[in-house]
Structure formats: C-alpha cells, structure tokens
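Please look through the structure below before reading on. The text then goes from burial, through charged pairs, to the packing of helices.

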Amino acid sequence: MHSVVSRSLKVFTTTLAAALLALSTPALAAAAPPQTACANRQAPPPPVDTSEKPAPGKPVPAPLAVPAVPAGGPRMAECGLITPSGALNPPDGNTAVSWLVQDLDTGAVIAAKDPHARQRPASLIKNLLALVALDELRPEQVIVASQEDAEQECTCVGLVAGGRYTVDQLLHGLLMHSGNDAAHAVATALGGVDSAVAKMNATAAKIGALDTRTATPSGLDGPGMSTSAYDLSLIFHYAMKQPEFAKVVGTKNFELPPAGGKPGVPVLNDNKLLGVYPGFLGGKTGFTNDARHTYVGAAERKGKRLAVVMVRAEQKPTKVVDQAAKLLDYGFALEDDRAEPVGQITYRDPAATAETGDPSVPGDGGTGNSGTSSAAAAAKADPFGVTGWIITLVVFLIIVGGFVVGRARKKAAN
C-alpha cells in the first residue's frame with residue numbers, strides 16, 4: 001500500500017510542479033533583468049579630442065540612467081548580432097559598431113546589432129531638431145540669418161548674414177546638406193542654442209528615446225552627447241510620419257534664394273543612395289571625429305518600407321552607403337522569408353501624453369498596439385491574471401490529487 005500511495009503522490013507532485021513552471025515562466029521571463037555587460041551600455045567611448053570638454057566651471061554630465069527594462073523588447077538588451085531564429089547572418093563588410101533594420105510601417109525590428117549601446121549621433125541628431133522645428137515653427141515663417149549663423153563650423157549650406165530664409169528652406173539645408181549654419185539659424189528661432197537643445201531633449205524624452213541626450217543642435221560633439229541605434233531608429237520612424245520631413249529628406253535638388261547680393265545656393269542631397277538604390281525614400285548622413293560615420297536611410301520594395309540605422313561606422317573597406325544598401329537588401333530578404341521580428345520600435349505619442357498628463361503613456365509606434373510590454377498587454381487582456389490562474393490550477397490539482405491518492409489507498413486495501 002505504501003508504495004502505491006508513494007507513486008501516486010510522486011505523479012501528483014511532478015504534475016503540479018510542471019504546471020506551475022509552465023504558468024510562471026512567462027511572468028519570470030518578463031521580470032528578468034536585461035543584460036548589463038554590453039560595451040558602452042551607459043556611455044559612448046571616450047572622446048578622441050577636446051570637443052566634449054565642458055565650459056569652465058561646468059561639470060561633466062553624468063551618463064543617462066539605463067532603463068531597467070530595455071525599450072523594444074527583451075532581445076534589444078542583447079549584445080552583438082540579433083537575428084531571427086534560423087536566419088542567415090548579414091553580409092560581410094559591415095563596419096558599424098551598432099545598427100538596426102526596422103519595418104518603417106509596423107515598427108518591427110527585423111535585425112540588429114547591439115541596438116542600445118550608447119554612441120554619438122553626429123548630424124543624425126538634426127532629425128530631432130527638425131521635429132522640434134516642425135512642431136513649433138511655421139514652414140513659411142521667415143528667419144533672418146545672423147553673422148553667427150553664417151560663421152558656424154562647417155559643413156555649411158551657405159547662409160548669408162542678413163539673408164531672409166523660410167523655415168522650409170532652412171529645413172532643406174539642414175536635412176539635405178547637413179548645414180550647421182542652418183541648424184544654428186533654426187536653433188536661434190527656437191529661442192537660442194540652449195533653448196533648442198533643451199527642447200530637443202524634452203522631445204526625445206517624450207517620444208521614448210531614453211538613450212539620447214543632445215548637447216548641440218547640429219550634432220557637433222559636446223559634453224554628455226549620447227544616443228543609440230535604437231533611439232535613432234525610433235526618431236526616424238516618428239519623423240517619417242511627418243509629411244514635411246519625409247518630403248525634405250526625399251528631395252534630391254533644391255536651391256536657397258539669393259541673399260546679400262549673392263546668387264541662389266544650389267543644395268544637393270548628401271545621401272548618395274537617393275536616386276540610385278531602387279525605391280529609396282531618403283535619409284541622413286553624419287560624421288564627427290568622436291562619433292565616426294552615422295547613417296539612416298529608408299527604401300520601399302513590394303509595398304514594404306524598411307529603414308536602416310548605422311552608428312560608428314567606417315568608410316573602408318566599402319563606403320558606408322554601400323554597407324547600408326546591403327543591410328537593406330538583407331532586411332528585404334528576411335521580410336520575403338517572413339522571418340519573425342526580434343523587437344519592436346515603440347515610441348510614446350506626445351499628443352497622448354498631453355491628453356493624459358502621463359508621460360508613461362506610449363503611442364502605438366505605427367503598429368496598432370498600445371506599445372506596452374508583452375507582459376502588461378497580457379495582463380490587460382486577461383484581468384484574472386497569471387497569479388489567479390496559478391491558484392485555480394493548484395486547487396484543481398489538489399482535488400484531483402486527493403481523489404487519486406484515495407483511490408490508490410482503497411485499491412491497496414482490497
């Protein structure tokens with residue numbers, strides 16, 4: 001009798017343990033802390049020059065806090081290459097320390113490499129400045145360029161002191177040719193450089209770019225400058241939903257008006273894939289000594305729009321734009337194979353934040369969902385909750401277990 005009851009109890013105990021593990025595993029996975037051993041998880045590599053030295057009497061800004069839960073899903077906390085299960089690795093020759101390929105419509109992350117490593121944006125931060133300008137300034141608003149605007153450290157688009165330019169014209173110079181003079185003029189219209197930087201940082205925080213701190217409106221290196229491939233992808237995803245932004249980055253040729261007795265200035269788009277890569281929609285390039293080469297670009301194929309961000313890349317063995325083209329090809333191939341996404345670009349919607357007064361309210365990121373974590377979404381869909389189901393199953397199994405043990409004892413007695 002003892003052996004029969006013991007076996008019955010063992011079966012019951014094993015079944016109960018398995019059931020509890022099955023139910024609790026998703027909750028444990030959701031609560032698991034992100035990886036923290038990746039390089040540059042808190043801050044970019046040390047600068048190679050004095051461009052980030054604070055002004056006299058000002059401290060070096062502390063690194064931004066690392067979120068306890070990585071934006072974009074659990075895999076976005078991984079170091080190194082992040083690809084769908086069973087997928088081929090991306091093509092050789094990619095020099096970017098961090099990169100990300102996303103579906104520009106759904107926000108699905110197709111593949112990535114160390115997406116939350118903190119690096120420097122260089123001129124890709126101008127996308128964020130453009131978002132602030134589009135939110136606060138009218139496209140037809142006229143800005144008179146100052147001598148300080150015209151004398152900015154170049155790359156410059158060629159503003160003339162005293163020249164009259166509309167916000168729309170300055171945005172073309174800002175995004176097409178990465179004009180630091182245009183960036184300074186826009187920043188002045190936003191209340192000055194310090195005010196513009198503060199507004200850029202506020203916008204980054206509002207939309208959920210938590211790795212990003214702006215130090216200059218142009219992307220020239222400055223104290224505390226920080227971003228990530230994920231954040232730059234998020235900013236670009238959000239920006240491409242603004243018609244004016246999408247129009248400007250997709251413009252190949254433009255001309256600034258004559259000013260100060262000088263003829264109009266032709267503006268050519270720096271993004272060499274525009275008009276070359278089939279279906280290319282536009283993007284942005286960047287470079288500083290500390291940031292190295294940064295890049296964002298998007299293209300459409302067979303009704304799918306993908307975007308790639310590359311951070312801390314080099315022009316050898318091939319040009320960064322050619323490396324970006326190969327990553328786009330790779331992303332489209334994964335889309336054709338219907339590979340499972342490895343993450344999700346999810347931004348907070350400033351309009352929703354304004355309505356609710358709660359900065360934690362996320363937008364749908366263009367995905368049609370709330371942008372909450374899978375665990376939170378599951379809890380919302382199932383108000384009974386994981387704990388409730390565990391308790392119910394335990395009670396049920398205790399009843400069944402009692403019945404099984406009782407029958408075993410009765411059988412042993414007979």
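A residue is called buried here when its relative accessible area is under 20%, exposed when that area is over 50%, and partly exposed in between. The model is a predicted one. By that cut-off, both Arg41 and Asp114 are buried. Arg41 and Asp114 also form a salt bridge, with their closest N and O atoms 3.8 Å apart. The two are distant in the chain, at 73 residues apart: Arg41 sits in the loop between α1 (2-31) and β1 (81-82), and Asp114 in the loop between β3 (108-113) and α2.

Some figures for the whole protein give the setting. The secondary structure comes to 12 helices and 11 strands. Of the 414 residues, 45% are buried. Contacts between residues at least 6 apart in sequence join, in 68% of cases, residues at least 24 apart. The accessible surface comes to about 19700 Å², and carbon and sulfur atoms account for 60% of that surface.

Back to the charged pairs. Side chains of opposite charge can pair when their charged atoms come close. With a limit of 4 Å between a side-chain nitrogen of Lys or Arg and a carboxyl oxygen of Asp or Glu, the count is 14 salt bridges.

Another of these pairs is Asp329 with Arg301, where the closest N and O atoms are 3.1 Å apart. Asp329 belongs to helix α9 (residues 320-336) and Arg301 to strand β9 (residues 292-301), so this salt bridge ties together parts that are 28 residues apart in sequence. How covered are the two partners? Asp329 has a relative accessibility of 36% and therefore counts as partly exposed. Arg301, with a relative accessible area of 28%, is partly exposed as well.

Helix α9 takes part in a further salt bridge, between Asp336 of that helix and Lys302 in the loop between β9 and β10 (304-313), a pair that is 34 residues apart. The N to O distance for Lys302 and Asp336 is 3.9 Å. Lys302 counts as exposed because its relative accessibility is 71%, whereas Asp336 is partly exposed at 48%. Asp103, Lys304 and Glu335 are linked in a network of salt bridges.

Now to the helices. Which residues of helix α5 are buried? Helix α5 (residues 180-189) is mostly covered, with 8 of its 10 residues buried. These are Asn180, Asp181, Ala182, Ala183, His184, Ala185, Val186 and Ala187. The elements that cover them include α2, β4 (142-144), α3 (147-150), α4 (167-176) and α6. Just after α5, Gly191 takes a positive phi of about 110°.

Two of the covering elements, α2 and α6, also pack against each other. Two packed helices are described by the angle between their axes and the distance between the axes. For helix α2 (residues 126-136) and helix α6 (residues 193-207), the angle is about 95° and the axes are 9 Å apart. That angle makes α2 roughly perpendicular to α6. On the α2 side the contact is made by Leu128, Leu129, Val132 and Glu136, and on the α6 side by Lys199, Met200, Thr203 and Ala204. By class, the contact of α2 with α6 has 5 nonpolar, 1 polar and 2 charged residues. The spacing along a helix bears on such a contact: an α-helix has 3.6 residues a turn, so residues three or four places apart point the same way.

Conventions
Residues numbered from 1 in each chain as written. Predicted model: local features only at pLDDT ≥ 70, side-chain atom pairs only at ≥ 80, totals over all residues. Heavy atoms only, no water. Axes fitted to C-alpha atoms, helices over the stretch in contact; angles between N-to-C directions. Helix = DSSP H or I, 4+ residues; strand = E, 2+ residues; numbered from the N terminus. Parallel < 35°, antiparallel > 145°, perpendicular 65-115°, else oblique. Contact = heavy atoms within 4.5 Å. Nonpolar A, V, L, I, M, F, W, Y, C, P; charged D, E, K, R; others polar. Buried < 20%, exposed > 50% of the residue type's maximum accessible area, 1.4 Å probe, protein only. Areas by Shrake-Rupley, 256 points an atom, 1.4 Å probe, with all protein chains shown as cover.
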